[in-house]
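Please provide an explanation, in running paragraphs, of how this protein model is put together. The account should proceed from a single residue to the spaces and packing around it.

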Amino acid sequence: MTSSYLAGFAHIVLVSLIVGCGGRPLYPLPSKLVDRNRMPLQTSRLYNIAHRGSNGELPEETAAAYMRAIEEGADFIETDILASKDGALVCFHDVILDLTTDIAQHKEFADRRTTYEIQGFNITGWFIVDFKLEELKTLRVKQRYEFRDQQYNGKFKIISFEEFIAIALDAPRVVGIYPEIKDPVFINNHVKWAGGKRFEDQFVATLKKYGYGGSYLSKDWLKQPVFIQSFAPTSLIYISNFTNSPKILLIAGVTFPTQDTNQTYWEITSDSYLSFIKQYVVGIGPDKDSVVPAINGYLQTPTDLVAKAHAHNLQVQPYTYRNENQFLHFNFHQDPYAEYNYWINKIGVDGLFTDFTGSLHDFQEWTSPLSG
């Protein structure tokens, strides 16, 4: 697949999404295209995981951000899956709509602002579970951070899980997906499905509907690669009854307990727990600062978490890598390539969640180009 073709494909889709925001997106839903002998997923070097798409450049979790990430060389496009009031699965990070949409400008929804308890904290805002999919589609997404490019604010809609899948399946090369079962305790408490089905059931059913399945590196998996991620270990254990797709246990910082089992960081990173959880997952996705702690902006001595995980034959795919100075530790002298080099060649991780897919791809091409 030539780079000019790939770039042209992404440019056409991005322009169409901006110009035709009010109509049907260009990408098919769902993809049923015949096999085009697409370039396969690379498996010879660390995975480049586009965190919420290329959201350093474009508003997160939007079709445009995912298309840009594919253009820039992502191996996987990553998304957070939540559910609407009517049970539709959507790509969105926060359980509240306040921070990354124009919800506050929609006077018709003013009375929907409310307060819910989440993991012991009272949170006030417009909650995604109080809106039907049709209503969510009237909102427009904006950049989370003020110091990033604001010109695309208000141009893109929230997309569904199915639309996200279609973007990956219609890419000019094989691109994996990396969906998260997001806040399942909260979702299952507020959204109900027919027949007593759970959020996790709907999540797995959607993946199966579009052909996702197969153990890690199997023929089926390589055709449509997927990692299923969650901070909730019980969700990953539960879905193991219904899918053999590879799963990743996300691990928050050292001060955050698991949302479903209330286990501490130290419990779920112990040798005994890793020995247990490896029956269900192929890896862990820790906060990078829990792998290598930082004090006053300077990295300290790395923990043994990577070595422990690898000893249990578990991959380690930390999050999140960002180019901006406010996210780079001083050890890297404001150079994101120095950070990539450190994590890939010194710490020895297996994948990186990055907001800047193109930067990581360029670094990899310069330091470990793919043969052929």
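Is Arg38 buried or exposed? In this predicted model, Arg38 has a relative accessibility of 18%, and because buried means under 20%, the residue counts as buried. Arg38 sits in the loop that runs between α1 (3–19) and β1 (47–50). Two polar contacts of its side chain end on backbone oxygens: that of Leu169 is reached at 3.0 Å, and that of Ala171 lies 3.0 Å from a polar atom of the Arg38 side chain. When neighbours within four places in sequence are left aside, the residues in contact with Arg38 are Ala168, Leu169, Asp170, Ala171, Pro172, Arg173, Val174 and Lys223.

Arg38 also belongs to the lining of the largest cavity, together with Ala168, Leu169, Val174, Val175, Tyr212, Lys223, Gln224 and Pro225. The space in this cavity amounts to about 30 Å³, and the structure holds one cavity of 30 Å³ or more. By class, the cavity lining comprises six nonpolar residues, one polar residue and two charged residues.

The open spaces may be considered next. The largest pocket has a volume of about 1200 Å³. Its lining draws two or more residues from each of β2 (76–83), β5 (121–125), β8 (247–251), α9 (265–268) and α11 (288–291). In total, 38 residues line the largest pocket, and those nearest its centre are His93, Lys182, Phe231, Ala252 and Phe256. The pocket lining divides into 17 nonpolar, 12 charged and nine polar residues.

The discussion now turns to packing. In soluble globular proteins, nonpolar side chains tend to be buried together. Here the largest nonpolar core has 97 residues, and Ile77, Leu97 and Trp343 have the most contacts inside it. Helix α4 (residues 161–169) contributes six residues, the largest share of this core. Apart from this core lies another, of five residues, including Leu58, Ala64, Ala65 and Tyr152. Leu97 illustrates the packing within the largest core: beyond its neighbours within four places in sequence, Leu97 is in contact with Phe92, Ile103, Trp126, Phe127, Ile128, Phe131, Leu136, Leu139 and Ile158.

Ile158 also takes part in a link with Lys137, a residue in the loop between α3 (133–136) and α4. Lys137 and Ile158 are 21 residues apart in sequence, yet their C-alpha atoms are 6.0 Å apart in space. The side chain of Lys137 reaches the backbone oxygen of Ile158 at 2.8 Å. Not counting residues up to four places away in sequence, Lys137 touches Lys157, Ile158, Ile159, Ser160 and Glu163.

Why is helix α2 (residues 63–71) described as largely enclosed by the rest of the structure? Eight of its nine residues are buried, so the description follows from this count. The buried residues of α2 are Ala63, Ala64, Ala65, Tyr66, Met67, Arg68, Ala69 and Ile70. After α2 comes Gly73, which has a positive phi near 105 degrees.

These details belong to a protein with 14 helices and 13 strands. Buried residues account for 56% of its 372 residues. Among contacts between residues at least 6 apart in sequence, 71% join residues at least 24 apart.

Technical notes: Residues are numbered from 1 along each chain as its sequence is written. This is a predicted model: local features need pLDDT of at least 70, side-chain atom pairs count only at pLDDT 80 or more; totals for chains, interfaces and linings use all residues. Side-chain values use heavy atoms; hydrogens and water are left out. On a 1 Å grid over the protein atoms alone, a cavity is a set of points where a 1.4 Å probe fits but cannot get out, and a pocket is an open set with protein on both sides within 12 Å along at least five of seven lines; lining residues have an atom within 4 Å of a point. Grid points are joined across faces, edges and corners, and a volume is the space filled by probe spheres set on the points. Helices (H or I, at least four residues) and strands (E, at least two) are DSSP runs, numbered from the N terminus. Ala, Val, Leu, Ile, Met, Phe, Trp, Tyr, Cys and Pro count as nonpolar, Asp, Glu, Lys and Arg as charged, and the others, Gly among them, as polar. A nonpolar core is a set of buried Ala, Val, Leu, Ile, Met, Phe, Trp, Tyr and Cys residues joined through side-chain atoms within 4.5 Å. Buried means under 20% relative accessible area, exposed over 50%, partly exposed in between (1.4 Å probe, protein chains only). Contact means heavy atoms within 4.5 Å. A polar contact is a pair of N or O atoms within 3.5 Å; within protein, one must be able to donate a hydrogen and the other to accept it, and residues adjacent in sequence count only if both atoms are side-chain atoms.
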